[in-house]
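Some notes on the structure follow, as numbered points. They cover a helix pair, the aromatic rings and two single residues.

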Amino acid sequence: MPSDSPRAVVPLTPTGQPAPTQSFYEAVGGEDAFDRLVTAFYAQVAEDPVMRPMYPEEDLRPAARRLKMFLEQYWGGPHTYSEERGHPRLRMRHAPFTIGEVERDAWLKCMRTAMDEVALAPEYDRVMWEYMERAADFMRNA
């Protein structure tokens, strides 16, 4: 008697072996892709009149490292962020900063420019951009 429960479909190689699975992190280019994204993002932040004042450190490299670690972990890469900093607690960590529509929009503008520079494949770009929009909205506190 056939089961009514759904079964997971495992992709197979031409030889019938299970195909290796790949995380989003790996699919978009791993550490190199996230390094390029974060570098491009912080190049925008450094010049943005709304965003730059939100980063009190003169050197943006520590902030860039934290964002890179977070994004890598979120998208299936190394768990360095949690190992070094614990749970992300994004809203708590950003609470000292006033984040309204103007700040959200400035962050998204910087991120969109960075994502365009990295030029992920359209299907990956769409998924990542949808996340960035949700995350930016989630961070609003004003």
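1. In this predicted model, helix 2 and helix 3 cross with right-handed geometry. Helix 2 spans residues 30-47 and helix 3 residues 61-74; the angle at which they pack is about 140 degrees, and their axes are 9 Å apart. The angle makes helix 2 oblique to helix 3, because only values over 145 degrees count as roughly antiparallel.

2. On the side of helix 2, the contact is formed by Glu31, Phe34, Asp35, Leu37, Val38, Phe41 and Tyr42. Helix 3 contributes Ala63, Ala64, Leu67, Lys68, Leu71 and Glu72. By residue class, the contact of helix 2 with helix 3 has nine nonpolar residues, four charged and no polar ones.

3. Leu37, one of the helix 2 residues in that contact, deserves its own point. Its relative accessible area is 3%, so Leu37 is buried, the limit for that class being under 20%. Beyond its neighbours within four places in sequence, Leu37 is in contact with Leu71, Met111, Ala114, Met115, Val118, Met128 and Met132. Of these partners, take Ala114: it lies 77 residues from Leu37 along the chain, yet the two C-alpha atoms are separated by 5.7 Å.

4. Turning to the rings, the structure holds eleven aromatic pairs. One of them joins Phe70 and Tyr81, whose ring centres are 5.8 Å apart; the planes stand at 75 degrees, so this pair is edge-to-face. Phe70 belongs to helix 3 and Tyr81 to helix 4 (residues 80-85), so the pair ties together parts that are eleven residues apart in sequence. Both Phe70 and Tyr81 are buried.

5. The two residues also belong to a wider group. Ring pairs link Phe24, Phe70, Tyr74, Trp75, Tyr81, Tyr124 and Tyr131 into a cluster.

6. Which residue other than glycine has a positive phi near 55 degrees? The residue is Ala119, in the loop between helix 6 (101-118) and helix 7 (122-138). Most residues other than glycine have a negative phi, which is the reason to list this one. Ala119 has a relative accessible area of 55% and is therefore exposed, whereas Leu37 is buried.

How values were computed
Residues are numbered from 1 along each chain as its sequence is written. This is a predicted model: local features need pLDDT of at least 70, side-chain atom pairs count only at pLDDT 80 or more; totals for chains, interfaces and linings use all residues. Side-chain values use heavy atoms; hydrogens and water are left out. Axes are lines fitted to C-alpha atoms, for helices over the stretch in contact, and angles run from 0 to 180 degrees between N-to-C directions. Helices (H or I, at least four residues) and strands (E, at least two) are DSSP runs, numbered from the N terminus. Angles under 35 degrees count as roughly parallel, over 145 as roughly antiparallel, 65 to 115 as roughly perpendicular and the rest as oblique. A crossing is left-handed if the near helix is turned anticlockwise from the far one by less than a right angle, and right-handed if clockwise. Contact means heavy atoms within 4.5 Å. Ala, Val, Leu, Ile, Met, Phe, Trp, Tyr, Cys and Pro count as nonpolar, Asp, Glu, Lys and Arg as charged, and the others, Gly among them, as polar. Rings of Phe, Tyr and Trp (its six-membered ring) pair if their centres lie within 6.5 Å; planes under 30 degrees apart count as stacked, over 60 as edge-to-face and the rest as tilted. Buried means under 20% relative accessible area, exposed over 50%, partly exposed in between (1.4 Å probe, protein chains only).
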